[in-house]
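This report goes through the confidence of a model, then its nonpolar interior, and then a part of its surface.

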Amino acid sequence: MDVVLLVKAAIMGVVEGLTEFLPISSTGHLILAGALLGFDDGKAKVFDIAIQTGAIFAVILVYWQRIRETLVALPTDRQAQRFALNVFIGFLPAMVLGLLLGKAIKAHLFTPVVVASTFIIGGFIILWAERRSPGHTRVHSVDEMTPLDALKVGLVQCLAMVPGTSRSGATIIGGMLLGLSRKAATDYSFFLAMPTLIGAGAYSLFKERALLSVADIPLFATGLVFSFLSAWWCVRWLLSYISTHSFVPFAYYRIVFGVVVLVTAWAGWIHWAA
């Protein structure tokens, strides 16, 4: 295996892990990193989706105690059953719409203008959400969520199918606008990511299996490991950060990054393609 290619895989893994759970769109950053590294062919697109699994393993590790307690109590405890049901309900819309519309979205919406617009619009929505009255919050823990709350956040998550929106940004900020506290929205976003991203990764690998071979195992393994390590650090940092800070800095970052997308696309420096 080419050492340079493994280094590129490691860099892409770090980019994925650091951006997957922040409200800044991992997809946009992976495209930028891939273009700069020359790592943007058909196999690289499958790689980008597959290494999300490494980031999810990091979330599972951070939340392992809650996951284990839920699984143990699931047969008899109503709170555990309600929590599992809420995660399932939130996952359903993205699964259904992803299968129905995923191909069309990739074919028609992955353009520089769409990516830049969603970055910038998303930034202003974060600013709006953070300026809302604290009295709007009615759900302070994921255990207080109703199935209707879960469905609403699940529907909002579908907006992330539009490139540049950010899955975590849609679920966290969408959850806050729907009445969840910043902590509850962030926790639920992480739990919802588990079935969503594992499902997307598995489906992508199966669908594009003709592009892959045994020789690709070191490449994908490197990306998974670095995605896991960087995501593990990022998730722990984010949970600490939100206890005393807002998402306002991410909003300004999104707006600036949106401008970067427009400028680089207009100048022909980055090929923003699906």
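The structure is a predicted model, in which the mean pLDDT of the chain is 89 and 97% of its residues reach 70 or more. Confidence is lowest in helix H3 (residues 42–50), with a mean of 83, and highest in H8, with 96.

Turning to the interior, the largest nonpolar core has 47 residues, and Phe 21, Tyr 63, Ile 173, Tyr 188, Phe 190 and Phe 247 are those with the most contacts inside it. Two or more residues of this core come from each of the helices H4 (52–62), H6 (78–108), H7 (112–131), H8 (147–157), H9 (167–177), H10 (182–207), H11 (217–241) and H12 (248–267), and the largest share, 9 residues, comes from H10. A second, separate core of 13 residues includes Met 12, Phe 39, Phe 47 and Ala 50.

Leaving aside residues up to four places away in sequence, Tyr 188 touches Asn 86, Val 87, Gly 90, Val 142, Met 145, Ala 150 and Val 153.

| Nonpolar core | Residues in core |
|---|---|
| Largest core | 47 residues |
| Second, separate core | 13 residues |

On the surface, Val 14, Leu 18, Leu 61, Val 225, Phe 226, Leu 229, Trp 232, Trp 233 and Trp 237 make a nonpolar patch of about 800 Å². Helix H1 (3–19) and H11 each supply at least two residues of the patch, and its largest share, 6 residues, comes from H11. Leu 18, which lies in helix H1, is partly exposed, with a relative accessible area of 31%, and the residues of such a patch need over 30%.

Notes. Residues numbered from 1 in each chain as written. Predicted model: local features only at pLDDT ≥ 70, side-chain atom pairs only at ≥ 80, totals over all residues. Heavy atoms only, no water. Core = buried A, V, L, I, M, F, W, Y, C linked by side-chain atoms within 4.5 Å. Buried < 20%, exposed > 50% of the residue type's maximum accessible area, 1.4 Å probe, protein only. Helix = DSSP H or I, 4+ residues; strand = E, 2+ residues; numbered from the N terminus. Contact = heavy atoms within 4.5 Å. pLDDT = per-residue confidence, 0-100. Patch = residues over 30% accessible without salt bridge, like charges linked within 9 Å, V, L, I, M, F, W, Y side chains within 5 Å. Areas by Shrake-Rupley, 256 points an atom, 1.4 Å probe, with all protein chains shown as cover. Salt bridge = Lys/Arg side-chain N within 4 Å of Asp/Glu carboxyl O.
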